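Got the viewer open and a coffee within reach? Let's walk through this one stop by stop, selecting as we go.

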Amino acid sequence: MNDLLLNSKTICINNGLSESEKISSFLAEYVTANKIPDETHNELRLVAEETFVNIVSYAFSDTETHTIDIVLSSNSREISIAFTDAGTAFNPLTDCSADLDNDDHCDGGMGILLIKSLTDYQEYNRIEQRNVFTLTKHYTK
Amino acid sequence: MSLEIAITSEANNGKRISIAGSLDSNTAPELQQNIDAEINDSVDTTIIDFKELDFLSSAGLRVIFKTKKIMDNSGGKFLLVNLQPQIKKVFEIIKALDGMSVFKDQDEMDEYLTAMQDKVKDGE
């Protein structure tokens with residue numbers, strides 16, 4: 001996985017939902033430059049949106065503006081997206097469980113189910129008071 | 001990424017909601033507002049047409065489930081048509097297609113609606 005880091009790009013955005021368009025543009029630019037297949041792009045766009053919405057919804061309890069760093073990395077087989085924020089400790093993998101028994105599917109767990117289903121690895125770490133959530137997806141050109 | 005919404009009247013007191021573009025956390029509130037204004041328990045059939053929809057996230061799914069609930073509670077029909085493969089996959093991941101009336105295209109849905117109407121006539 002070390003070679004992933006050789007090809008990384010970073011964007012820093014605020015914790016407002018309207019910022020998700022910046023993530024989409026950032027991702028589109030990256031996948032075009034690195035010739036990542038369309039299907040992988042589409043699925044990663046959904047994963048990025050769901051992760052971002054979860055962070056915005058749950059990581060910050062105040063109304064202040066906070067920043068979230070997003071790093072895209074890839075090699076010829078995998079692409080990863082890492083989200084880092086200085087919010088309260090929040091592990092989307094365990095703190096946001098899917099409740100699909102609920103008839104109306106209105107609980108926030110749909111997002112994490114989509115994230116888990118559309119990526120091959122998910123890793124959460126709390127590093128120096130920051131949440132670092134990294135998602136990796138295999139692809140073939 | 002924007003969302004285009006067109007709500008039109010259909011035969012037999014139905015409404016068709018055609019959505020194009022991206023149904024995500026930014027555009028879902030706009031769709032919800034449109035649905036709140038047009039869909040209520042006096043509508044007999046609500047059709048969501050996904051033909052031009054490229055992207056769907058969980059925020060959009062919540063609006064769709066909420067609309068289905070209105071129709072379920074009033075005894076109306078709730079139909080989904082023209083789901084593109086990437087959209088269908090999202091529904092499949094969250095196991096939401098069971099219990100939904102989903103049609104691959106307009107012809108398949110017309111066939112269903114005609115059969116339903118014939119059934120009603122036969123019962124009269």
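How many residues sit between β4(A) and β5(A) in their hairpin? Two, and one residue in the turn, Glu128(A), has a positive phi of about 50°. Keep in mind throughout that you are looking at a predicted model.

**Stop 1: the hairpin in chain A**

Select residues 121-127 of chain A for β4 and residues 130-138 for β5. The two strands run antiparallel and are joined by seven bridges. Two pairs are worth picking out: Ile127(A) has Arg130(A) as its bridge partner, and Asn125(A) is partnered by Val132(A).

Is β4(A) largely in the open or largely buried? Colour its seven residues by burial: the number buried is zero, so β4(A) lies largely in the open.

Now add residues 78-85 of chain A, which make up strand β3. This strand is also antiparallel to β5(A), with eight bridges between them. Click on Ala82(A) and look across to Thr134(A), its bridge partner in β5(A).

**Stop 2: chain A as a whole**

Zoom out and show the whole of chain A as a cartoon. You should be able to count four helices and five strands. Trace the chain from the N terminus and the elements come in the order β-α-α-β-β-α-α-β-β. Chain A has 141 residues, and 32% of them count as buried. If you take the contacts in chain A with a separation of 6 or more, 70% are between residues 24 or more positions apart.

**Stop 3: two helices crossing**

Hide everything except residues 38-58 of chain A, helix α2, and residues 109-118 of chain A, helix α4. Their axes come within 9 Å and cross at roughly 145°. The crossing of α2(A) past α4(A) is left-handed.

Which residues make the contact? Turn on side chains for these two groups:

- From α2(A): Glu43(A), Leu46(A), Val47(A), Glu50(A), Thr51(A), Val53(A) and Asn54(A).
- From α4(A): Gly111(A), Ile112(A), Leu114(A), Ile115(A) and Leu118(A).

By type, the contact of α2(A) with α4(A) divides into seven nonpolar residues, three polar and two charged.

**Stop 4: where the chains meet**

Bring chain B back. Here 20 residues of chain A are in contact with 18 residues of chain B. On the side of chain A that touches chain B, the helices α1 (20-33), α2 and α4 each supply at least two residues. The largest share, six residues, comes from α2(A). This side of chain A divides into eight nonpolar, seven polar and five charged residues.

**Stop 5: the nonpolar core**

Which residues have the most contacts inside the largest nonpolar core? Select Val47(A) and Leu23(B); the core they belong to has 54 residues. Helix α2(A) gives the most to this core, with eight residues.

Stay on Leu23(B) for a moment. Setting aside neighbours within four places in sequence, Leu23(B) is in contact with Leu3(B), Ala28(B), Leu31(B), Leu53(B), Phe55(B), Leu56(B) and Gly60(B).

**Stop 6: the sheet in chain B**

Now colour the strands of chain B. Five of them form an open sheet, in the order β1-β2-β3-β4-β5, with mixed pairing. At the edges you'll find β1 (3-10) and β5 (101-103); each has a single partner strand, so one side of each is left without a neighbour in the sheet. On average, neighbouring strands of this sheet are turned by 20° against each other, direction ignored.

For a parallel pair, select residues 45-56 of chain B, strand β3, and residues 77-81 of chain B, strand β4, which pair over five bridges. Within that pair, Thr46(B) stands opposite Phe78(B).

**Last stop: Pro29(B)**

Finish in helix α1 of chain B, residues 28-38, where you'll find Pro29(B). Is Pro29(B) buried or exposed? It is exposed, with 12 other C-beta atoms within 10 Å. Then draw a distance line from Pro29(B) to Glu92(B): the two are 63 residues apart in sequence and 23 Å apart in space, C-alpha to C-alpha.

How values were computed. Residues numbered from 1 in each chain as written. Chains lettered and ligands numbered in written order. Predicted model: local features only at pLDDT ≥ 70, side-chain atom pairs only at ≥ 80, totals over all residues. Pairing = 2+ DSSP bridges. Axes fitted to C-alpha atoms, helices over the stretch in contact; angles between N-to-C directions. Core = buried A, V, L, I, M, F, W, Y, C linked by C-beta atoms within 7 Å. Buried ≥ 20, exposed ≤ 12 C-beta atoms within 10 Å, placed from the backbone. Contact = placed C-beta atoms within 7 Å. Left-handed = near helix turned anticlockwise from the far one by under 90°. Nonpolar A, V, L, I, M, F, W, Y, C, P; charged D, E, K, R; others polar.
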